Amino acid sequence: AAMRESRIKKTKTVCTYCGVGCSFDVWTKDRKILKVEPQMEAPANGISTCVKGKFGWDFVNSEERLTKPLIREGDVFREAEWEEALALIEGKFKQAKDTYGPDSMAFISSSKCTNEESYLMQKLARGVIGTNNIDNCSRYCQTPATMGLFRTVGHGGDSGSITDIEQAGLIIVVGSNTSESHPVLATRVKRSHKLNGQKLIVSDLRKHEMAERADLFIQPKSGTDLVWLSAVTKYIVDQGWADEAFLMNRVNGLDEYVKSLDKYTMDYAEQVTGLPKETMIQVANAIHESPTTSVLWAMGVTQHLGGSDTSTAISNLLLITGNYGKPGAGSYPLRGHNNVQGASDFGSMPDRFPGYEKVADDAVRAKYEKGWGVTIPAKPGMNNHEMVSGIHAGDVKVMYLKGEDMGMVDSNLNYVHEAFEKLDFFVVQDIFLSKTAQYADVVLPAAPSFEKEGTFTNTERRIQRLYQVFEPKGDSKPDWQIIMDIANRLGAGWTYHHPGEIMAEAASLMPLYAGVTYERLEGYNSLQWPVAADGTDTPLLFLDEFPFPDGKARLFPVDWTKPLEYDEEYDLHVNNGRLLEHFHEGNMTYKSKGITSKTPNVFLEVSPELAAERGLEDGTLVRLTSPYGSVKVSCLVTDRVKGKEVYLPMNDSGEGAINYLTSSYADKDTDTPAYKETSAKMEILKAK
Ligand code: SF4
């Protein structure tokens, strides 16, 4: 019995399913997962987790895991040894660089991988290859929020902690299905709302669970959030409710901004958004009456033509009302993947080094050139949207992508797949043979979070360590080791033995993480950035100043961009989002038995009105067609949606995958796809 018990092991890890960043102990025996046990000292979640964190881990032992490198031969893959795969990559990378130059190569980092791995990926692109063509999938979700915050308050992250959200007098949730996308965080809001008298306003197209609970639920027309937000802000200014002292001492640009609000009268907003004036005035009153307001938002805001501008409008509203730099107040763009924040923090962006310092800044570039002993181009690189068109144009020839199912999650998939087919050489590194990997020339088997060490940074800027639960399965390896192997084949001479050494190097170069060390993150310890060299961290941002030269925030005037219009032919608006039980395209969750057994198949939510008009019932099989492609899916009639709004969860990787319908239109400031501006026509394939 003693022998048997000694094989039982307890390891602390961090959940990889969403940006809340729950941490917990995993009990294992050999490769068997006995239980997931959250601990009181877990900083983001305490003793809570959601269904994914509790039961979503069988995929680690799935028979479908990649355990050997794969090399394409014609239409099929054959297994290979690392030596052969790496030699092939070395040859092709050198050839592309020599023949077409470094900018013919493109690199995609993963927001599911660790901070250290994102750091190495951008170091490989910039320092070894010599290109800034590096991006990560926050381009698909949260880059517009980061842009809105950079413009106004200077840091692209949640301004406080989850505990601040709990303390807020008023929570406004805009375009976020929080209960299904950020379950444990939503539970905190629900509890504060129920027990502590916190007020809750929800704005969404769809009446999801948070909307059901809200004190006020508003359903503006799709893509019009900027208009009601600006009208509410103008109303507050006109009533004399702006926080004068805060504006005088801590904010620039008031006059010009107030002038820019002129057109956002209640009449105009009513006409554009479809919301009654009285409702918008109710929102303004609620903000005025509450001691503190926090705004939570997600992809319902960002994935539009004007996603950055709407994010900016949210921050402007918070500045006008003095809702920054105090507990319970602030901006909370809710990060989707577990490490969306970290992937960007560590420079997997075409225009920013780690810590968001600009590539175009000579002094910053000189710092990295000295630190790495290389030269780095000054010109910002391509983002992932530009990479796809760059491949079509023949400018990008080689792509190295890790841990990202771009061939499923990017918009306008038929166009993306055609691009993959045009590449001269395509390397995909993943734990499964994803849809994207099927287009690769070489597939490299990576290790998931349970099989490596590293750190993740959650939505509240909290940096946490994960420890290794299992050895990598088969011949798979942690991503950081694979990237180092490739870099060294190209002559880099990297000698990292442990991710802690990578963090030490990164921290020495990026002021945002200056005081981050593995020792300070031991066990359940965590730090929230910025972290000063002495280890002091910052749970609540902007207490004394904003990170601009004069320490003041900036009001930033924005204008409304009209969303794409539907026409008579493509007459339905197709909204999309998450389901609680699944994660994105389902690469991990569809392979976890504890989860698939609890979940329905993907379905299309249709309104009772549309069902009556078209003769749809639960289970009716329909085809939706947009100008870009089509999907097949069965209907579910529900009053969560209304009129010609339909809702397709984004969790199907087969014939129902939403991105066969979406277009290449994107946020004008960041190129984030306008996923939420999709229209389609419907035909019935089979009645129930
Ligand atoms: Fe994981 Fe998010 Fe669920 Fe926490 S709330 S257990 S981080 S999926």
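Which residues are exposed on the other side of helix 14? In the predicted model described here, Glu278 and Glu289 are the exposed residues on that side, and the helix to which they belong offers a convenient place to begin.

Helix 14 covers residues 277–289, and its 13 residues reach 18 Å from the first C-alpha to the last, which is close to the 18 Å expected at 1.5 Å a residue. The buried residues of this helix are Met280, Val283, Ala284 and Ile287. When helix 14 is seen down its axis, these buried residues fall within an arc of 95 degrees, so they line one face of the helix. An α-helix has 3.6 residues a turn, so residues three or four places apart point the same way. The buried residues of helix 14 pack against three strands and two helices that are named as follows: strand 8 (170–174), strand 9 (199–203), strand 12 (293–297), helix 10 (225–238) and helix 13 (266–273).

Helix 13 can be described in a similar manner. Its buried residues are Met266, Ala269 and Thr273, and, seen down the axis of helix 13, they fall within an arc of 60 degrees, so they line one face of the helix. The face of helix 13 that is turned away from this buried side carries Asp267 and Gln271, both of which are exposed. The packing partners of the buried residues of helix 13 are helix 10 and helix 14, while helix 13 itself is among the elements against which the buried residues of helix 14 pack. Just after helix 13, glycine 274 takes a positive phi of about 80 degrees.

A further helix, helix 21 (residues 413–422), has Leu413, Val416, Ala419 and Phe420 as buried residues. They cover an arc of only 115 degrees around the axis, which puts them on the same side of helix 21. Asn414 and Glu421 are exposed on the face of helix 21 that is turned away from its buried side. What covers the buried residues of helix 21 includes helix 19 (384–392) and helix 20 (406–409), together with strand 15 (425–430) and strand 24 (629–637).

On the scale of the whole chain, the protein is divided into domain 1 (2–61), domain 2 (70–135 + 364–525), domain 3 (143–333) and domain 4 (572–686). The C-alpha centres of domain 1 and domain 2 lie 27 Å apart, and the contact between these two domains takes 19 residues from domain 1 and 16 residues from domain 2. On the side of domain 1 that touches domain 2, strand 1 (8–14) and strand 2 (23–29) each supply at least two residues, and the largest share, 4 residues, comes from strand 1. The residues of this side of domain 1 divide into 8 nonpolar, 8 polar and 3 charged.

The surroundings of the ligand were examined next. Of the 13 residues around the ligand, those that come nearest are Cys15, Cys18, Cys22, Cys50 and Gly53. Helix 2 (51–55) and helix 8 (183–195) each supply at least two residues of the shell around the ligand, and by class this shell has 8 nonpolar, 4 polar and 1 charged residues.

Several individual residues in loops also deserve a description. Aspartate 30, which lies in the loop between strand 2 and strand 3 (32–38), has a positive phi of about 50 degrees although it is not a glycine. Aspartate 30 is exposed, with 8 other C-beta atoms within 10 Å. Tyrosine 356 likewise has a positive phi, of about 65 degrees, although it is not a glycine, and its place is in the loop between helix 17 (340–345) and helix 18 (362–372). Tyrosine 356 counts as buried, because it has 21 C-beta neighbours inside 10 Å.

Tyrosine 518 is placed in the loop between helix 23 (499–509) and strand 19 (527–528). With 17 C-beta neighbours inside 10 Å, tyrosine 518 counts as partly exposed. If residues up to four places away in sequence are not counted, tyrosine 518 touches Arg465, Gly500 and Met503. Tyrosine 518 and threonine 670 are 152 residues apart in sequence, and their C-alpha atoms are 33 Å apart in space. Finally, proline 530 is found in the loop between strand 19 and strand 20 (553–554), and the peptide bond that leads from tryptophan 529 to proline 530 is cis, with omega near 0 degrees.

Methods
Residues are numbered from 1 along each chain as its sequence is written. This is a predicted model: local features need pLDDT of at least 70, side-chain atom pairs count only at pLDDT 80 or more; totals for chains, interfaces and linings use all residues. The expected span of a helix is 1.5 Å times one less than its number of residues. A residue is buried if 20 or more other C-beta atoms lie within 10 Å of its own, exposed if 12 or fewer, and partly exposed in between; C-beta atoms are placed from the backbone. The arc is that of the directions from the helix axis to the C-beta atoms. Two residues are in contact if their C-beta atoms, placed from the backbone, lie within 7 Å. A residue is near a molecule or strand if its C-beta atom, placed from the backbone, lies within 6 Å of it. Ala, Val, Leu, Ile, Met, Phe, Trp, Tyr, Cys and Pro count as nonpolar, Asp, Glu, Lys and Arg as charged, and the others, Gly among them, as polar. Domain bounds come from an automatic or database domain assignment.
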